[in-house]
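Biologist: I am new to this structure and would love a friendly, close look at one part of it. Could you start with a single residue and then lead me outward from there?

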Amino acid sequence: MHGRPRNAPRSEESAAKADKLRDLQAQLLHNHHNRIYTNEAVAASAKLLEINPEINTAWNYRKLALQSNLKEVTDAEVIKALVDEELRVVESALRQNPKSYGAWYHRKWVLGHKFSPVNFDHEFWLLSRLLKLDPRNFHGWSYRRFVAALKHVPEVEELKYTMDMIDSNFSNYSAWHNRSLLLSNLLKQKAQGFVSKEKILTDEYDLVHQALFTEASDQSGWFYYLWLLNQTVSPDQPLVISSWPAHGSSWVLSTNRSKNGVKLFSSTSSNPCYCLPMETVPIILFFNQPVSGVNSSTVTVNSVFASNEDLNWRPLSSANSGSAHCWVTYLKISDARISGTSSVDVSLGHSQDIKSANGSPYTFPLLLKFTIELNFADVEQSGGNFGEELFVFNSDKVCFPLESPSISYFDQLKISENPAPLASGWDVETLSNEIRLFKESPDETCKFVKITLARLLVAYDALMSDRSPSSHKKTHSEEVLKLFNDLIQLDPVHAKFYEDERSLVILDQVTFDKESLMKHYGHFCKLTSSSLSYHSALRLNKLSLTRIGFVERLVWVQILDLSHNELQSISGLEALQLLTCVNLANNQLNSFAALEPLRLLSSLRVLDVSFNKVGLHPIDTKRYLCSSPMSHTTDIAQLIKDFKNTEFATYWEAISIFKDLQLTQLNIEGNAAANENLSLILKKALPNLIWLNGVHVQ
Amino acid sequence: MDRSSEFDRMKHVAFLEMMMEWMPSPYEAQEINRLTLAYFTISGLAILDALDPVYKDRIINWVLSLQAHPRDRAELENGQLYGFHGSRSSQFHRHDAKQQDSVPNGSHLASTYCALAILRIIDYDLSSIDSESILISMRHLQQPDGSFTPIHLGAEMDLRFVYCAAAICYMLNDWTGMDKEKAKDYILSCQSYDGGFGLVPGLESHGGGTFCAVAALRLMGFIEADALSKSTVATTINVPLLLEWCMQRQGVDGGFQGRANKASDTCYAFWVGGVLKILGAYHFLDKDALRRFLLSCESQYSGFKKFPEDVMPDLYHSYYGLAALSLLEEPGLIPLCVELGIPTKDAI
């Protein structure tokens, strides 16, 4: 019924038809139940199916009949005749309804049993006729894969067939889709003629150009183009792209056993860079794609502070899936009795057990070294501690950009010793050719052209900055920003999507190198007391950001100001393990679950989420993007007990986010969810809280 | 929401009332799936809040008369499904058989789903039917890869019947009828690289397949597990990619397409819209545009058409047109229990 043309009913004709159907159905049931498989009986079921292929009982009757009638037969000709009759009935049923599930299945069943040799030429002829009638019939495509597998047709041949189908109609996305699947397989297997990914993909670009420039308004070719671009630039192998502490950095650690943890100084500066409240130094590895299997046997950390086996690596992802871009372990310093300078070596690549989502192992040997000098002497408390006094993110109080110890290692954060995935430079060359082609496109007002060009430019810049970070300074970001601004105007329906893409470009621009970062880096001058004299903050406020990106360049940040953006998600922030203060005021965060990434920040003490939209939407969409906060809580019964007499059911999301945090300051005013009840709950969930909404907690 | 254009509820009530009485000749071919046609009609009337109580007993008797019963408990292990027949014409009556040994019955997983859905809609107490036969016998239909064949003699195996199986177990409130973990693995194997689900692994992503996948995962508790349950399994479907695929199915005409680069079609407003609803992402779509598209698919007589340019309405698109409008919270329509594809129980 679905997807078939409907004609106005013709009453007389259909009444006669109904009578005939009823009669044939009665015969079928009688024969079926009494196991009558005579020629006459079987022929009646064929008649029924030719009128109505939807009667699955009749197909199944024929299966039993065929099996029964073949039992006694050995003559190949007779077998063939019986099988051919089944195929004929299916064909005429398909003429009646080319999307009949039952008919297609019957054909697969008959051929799959291999009662007699299959006439493959006929099957392929039938398929080509059928797909000519409806090139998008997915039953047809599915059946084609079945027959090809049955005949052991090499995938190369099937690839040729998709070519024929595409040639006859560029708009046939089913053919493009099948092509993408077949090509992926062939390239993965490195089949004969498919060893050179460069050559194959170059041919595919030529092919898709024909489609795009013939039929620029048709989506199919564009979808395929995006798949192709992804194949060109997406890394095959997992690699480490950044780390903290940076390779080659040296630190002085002051452990004066005050209750507020340790302080970390750069060896070249007398100002502390970090207060580490947990008396631990995090070691962070950031990969180019989500990986699993990071543990003490795949990563070796040699240091005097802890034995490698005792280190526990944790994925930083709110998805709870055991795989993440970013992994962290903590070196516990407080127990160390060693003074003097100690080297910490982090090595990986000796085991193949770190794997990407598609199963590619991490194989590149990597050694990261940094030193830590322990200093037990009392140092002047110039670094101060967060939290005891009210910390105010006040833009007026931020002064002069200054070379700070924590940013001095910025260039070393990036791991550039990785092997180039395609040493030939083929990908760079391809991308520049593609960029040239689209810039010359006569259809430059077409939104597909604009977004493709934007993606190409972004991909090109990313490749270039990976290959030659020192020489490639000039990026296309201004051009890309213009493209996205144009697209927002041109295609307002998808404005949010373009805004997300634009956010990434802005962040790329800002965090690209030390020079550009310094423009956003400032010190909070003396605030309410002398103890807060030097805190360096990265200020990414007022940038119209809707999402976060390029966090691998921000792993060193301790104070981050993201206020006055349009953030709807802070996913990615979980990688910033040193983050102690974060300002998210005046954004568009609309649920507690949107704050989920903060749960993984054990150093976080000061949080400002004032003037967002938390609680505004009754439906919490983020809940389905992360797994439910409740789902990784094992002691929910305890929680319910702890929070009895409160509105637990209303605020369970808030509780599950905040109970793992050790905030001393929180500002949540100006949100739909903020009220007296919430304040009570928060004070209970956050026992260390000193300041709530700017007011000292008694 | 912009409600400037009118939705004429009574017109659709009249259309479905007509379907209660007759089976129009274009549906002859679907006679075998009569329960499914009845499900569209009855559920449609329930969404319209117009299901006349006078039908209730008639419906119950007719639906129950289509159930297949085993002779004894031993028969439950013979591999056949003891569920519901799609209609009289596939029904097997024991006295028809001359031989004593069992003759294949024609009960079908999809008909069983429709039967239970109808009974639930009219508030029949499902605990009073022989659910044990259904649950024990349906286990034999689950394949080693986790998929389901809808009938023991064999038929196509795909996500549609995994969904039916999950909905049946959910409605009977008893999961002994299937291996949930295996079913989940099968569903996950159907997610394509673009985020949608094909009906079988490797097939192009499809709106209907995607609904079956997501709704089944939801019914089985793998998506948004019961908030207060302690043991939940992290699901491994790629939700952001799935959302992206779904969002891209809304066309410039406001309607939803079922696959990339196809025309918008009434029914996918439910299939894809339903997925978004389940994921809690329904407010991401352009509701005004979708409503305008759906109203443009209303037939001038009554019912809904597949495409705006069609002439004749049909029952299938009429039902999913109404279901989609209910998702849009059209006044006068009963809200849906989207993962079961029926109106919510307490509203009836």
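Modeller: Happily! Let us start at R539(A), which is buried, with a relative accessible area of 13%. Please keep in mind that this is a predicted model. The cut-off for calling a residue buried is under 20% relative accessible area, so R539(A), at 13%, falls on the buried side.

What does the side chain of R539(A) meet in a salt bridge? Its partner is the side chain of D561(A), with 3.3 Å from N to O. R539(A) belongs to strand β14 (residues 535–539) of chain A and D561(A) to strand β15 (residues 559–561) of chain A, so this pair ties together parts that are 22 residues apart in sequence. D561(A) is buried as well, with a relative accessible area of 3%. Side chains of opposite charge can pair when their charged atoms come close.

Between these two strands there is a loop to look at. F550(A) is found in the loop between β14 and β15 of chain A. Although F550(A) is not a glycine, it has a positive phi of about 55 degrees. With a relative accessible area of 23%, F550(A) is partly exposed.

From here, we can compare other charged pairs. Over all chains, the count comes to 31 salt bridges. One of them joins the side chains of E91(A) and R107(A), at 3.2 Å from N to O. Here E91(A) sits in helix α4 (residues 76–96) of chain A and R107(A) in helix α5 (residues 101–112) of chain A, so the pair ties together parts that are 16 residues apart in sequence. Both E91(A) and R107(A) are buried. Elsewhere in chain A, a network of salt bridges links E596(A), R599(A), K659(A) and D660(A).

Chain B offers a pair within one helix. The side chains of K184(B) and E181(B) meet in a salt bridge of 3.7 Å, N to O. These residues are 3 apart in helix α7 of chain B, so about one helical turn separates them. Is each partner buried or partly exposed? K184(B) is buried, with a relative accessible area of 7%, whereas E181(B) counts as partly exposed at 39% relative accessibility.

Just beyond that helix comes S205(B), in the loop between α7 (180–189) and α8 (207–219) of chain B. S205(B) is buried, with a relative accessible area of 1%. Its side chain has a polar contact of 2.6 Å with the side chain of D194(B), and it also reaches the backbone oxygen of G196(B) at 3.4 Å. Leaving aside neighbours within four places in sequence, the residues in contact with S205(B) include W245(B), G258(B) and R259(B).

Now for the nonpolar side of the picture, back in chain A. Nonpolar side chains tend to be buried together in soluble globular proteins. The largest nonpolar core has 157 residues, and W244(A) and F658(A) have the most contacts inside it. Helix α14 (residues 447–467) of chain A supplies the largest share of this core, 10 residues. A second, separate core of 118 residues includes V13(B), A46(B), A50(B) and F304(B).

W244(A) deserves a pause. Beyond its neighbours within four places in sequence, W244(A) is in contact with residues including W251(A), Y274(A), L413(A), V555(A) and W556(A). A cis peptide bond joins W244(A) to P245(A), with omega about -5 degrees. P245(A) is found in the loop between β1 and β2 (250–254) of chain A.

Strand β1 (residues 240–244) of chain A is mostly covered, with 4 of its 5 residues buried. It runs antiparallel to strand β5 (residues 280–292) of chain A, and 4 bridges join the two. Within this pairing, S243(A) stands opposite L285(A) in β5(A).

One helix rounds off the tour of chain A. Helix α10 (residues 197–214) of chain A has 18 residues, which at 1.5 Å a residue should span 26 Å; its end C-alpha atoms are 26 Å apart, which agrees. Among its buried residues are I200(A), L201(A), Y205(A) and L212(A). The buried residues of α10(A) pack against α8 (155–168), α9 (173–189), α11 (219–233) and α13 (426–439) of chain A.

Note on methods. Residues numbered from 1 in each chain as written. Chains lettered and ligands numbered in written order. Predicted model: local features only at pLDDT ≥ 70, side-chain atom pairs only at ≥ 80, totals over all residues. Heavy atoms only, no water. Buried < 20%, exposed > 50% of the residue type's maximum accessible area, 1.4 Å probe, protein only. Pairing = 2+ DSSP bridges. Expected span 1.5 Å × (residues − 1). Contact = heavy atoms within 4.5 Å. Core = buried A, V, L, I, M, F, W, Y, C linked by side-chain atoms within 4.5 Å. Polar contact = N/O pair within 3.5 Å; in protein donor to acceptor, adjacent residues only side chain to side chain. Salt bridge = Lys/Arg side-chain N within 4 Å of Asp/Glu carboxyl O.
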